[in-house]
Amino acid sequence: MSDIELHISKNDITLILDELEANRPFEACGVLVGIEGRDIVTVKQAVPVKNSKRTERSFELDPTGFYKVWGDAEKEGLDIVGVYHTHPSSPSKPSDWDKKTMQDTSGIWVIAGIDGIFAYRMVKGMVEFVEMV
Ligand SMILES: [Zn+2]
């Protein structure tokens with residue numbers, strides 16, 4: 001269990017779960033915009049971004065979409081605190097590909113799968129479960 005908490009609204013959870021259904025059988029992905037505190041990471045908005053890979057087993061945030069979200073966040077004084085993606089036909093546990101990609105990022109990973117929606121982050125090469133409040 002991680003020593004940080006992720007605060008995310010019901011609306012944003014619903015948005016991610018809707019994206020999971022709407023993009024079946026492909027993975028959907030997006031960016032979590034918010035505020036990164038010491039113990040609490042707060043999501044202000046989950047923003048869908050096109051999955052430029054459009055596959056059933058991986059995702060890649062479309063660069064143009066990503067930079068637009070980043071620019072908008074910066075204008076509002078917010079950070080990119082993480083990413084979300086969906087597993088349309090498997091549990092939300094990070095896949096081997098996810099873990100490899102997580103090594104290069106510091107943010108929170110929210111994954112919606114067939115068993116629900118969960119948050120993770122990578123700390124010193126280990127995947128930690130992050131509690132969503
Ligand atoms: Zn994944």
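In what order do the elements of the chain run from the N terminus on? Let's find out, view by view, in this predicted model.

**View 1. The whole chain, from one end to the other.**
The elements follow the order β-α-β-β-α-β-α-β-β-β from the N terminus on. That gives 3 helices and 7 strands in the chain. Along its principal axes, the C-alpha trace spans about 35 × 30 × 30 Å. A compact globule of 133 residues would have a radius of gyration near 14 Å, and the chain's value of 13 Å agrees with that. As for burial, 32% of the 133 residues count as buried. Look also at who touches whom: among contacts between residues at least 6 apart in sequence, 63% join residues at least 24 apart.

**View 2. The barrel of strands.**
Here 7 strands form a closed barrel, and you can trace them in the order β1-β3-β2-β4-β5-β6-β7. The pairing in this barrel is mixed. Neighbouring strands of the sheet are turned by 35° against each other on average, direction ignored.

**View 3. Two partners in the barrel, β2 and β4.**
Now zoom in on strand β2, residues 29–36, and strand β4, residues 79–86. The two pair in the antiparallel sense over 6 bridges. To find one spot for yourself, start at L32: its bridge partner in β4 is G82.

**View 4. Helix α1 lying across the strands.**
Helix α1 covers residues 10–23 and lies across β2, β3, β4, β5 and β6. Against β3 (40–49), the helix runs at about 30°. You can check the length of α1 too: at 1.5 Å a residue, its 14 residues should span 20 Å, and its end C-alpha atoms are indeed 20 Å apart.

**View 5. The two sides of helix α1.**
Which residues of α1 are buried? They are D12, I16, E19 and L20. Seen down the axis of α1, the buried residues fall within an arc of 105°, so they line one face of the helix. A handy rule helps here: an α-helix has 3.6 residues a turn, so residues three or four places apart point the same way. The buried residues of α1 pack against β2, β3, β4, β5 and β6. Turn to the other side of α1, and you meet the exposed residues K10, N11, T14, E21 and A22.

Terms used. Residues are numbered from 1 along each chain as its sequence is written. This is a predicted model: local features need pLDDT of at least 70, side-chain atom pairs count only at pLDDT 80 or more; totals for chains, interfaces and linings use all residues. Two strands pair if DSSP finds at least two bridges between them. Helices (H or I, at least four residues) and strands (E, at least two) are DSSP runs, numbered from the N terminus. Axes are lines fitted to C-alpha atoms, for helices over the stretch in contact, and angles run from 0 to 180 degrees between N-to-C directions. Two residues are in contact if their C-beta atoms, placed from the backbone, lie within 7 Å. The expected span of a helix is 1.5 Å times one less than its number of residues. A residue is buried if 20 or more other C-beta atoms lie within 10 Å of its own, exposed if 12 or fewer, and partly exposed in between; C-beta atoms are placed from the backbone. The arc is that of the directions from the helix axis to the C-beta atoms. The radius of gyration is taken over C-alpha atoms; the globule rule is 2.2 Å times the number of residues to the power 0.38.
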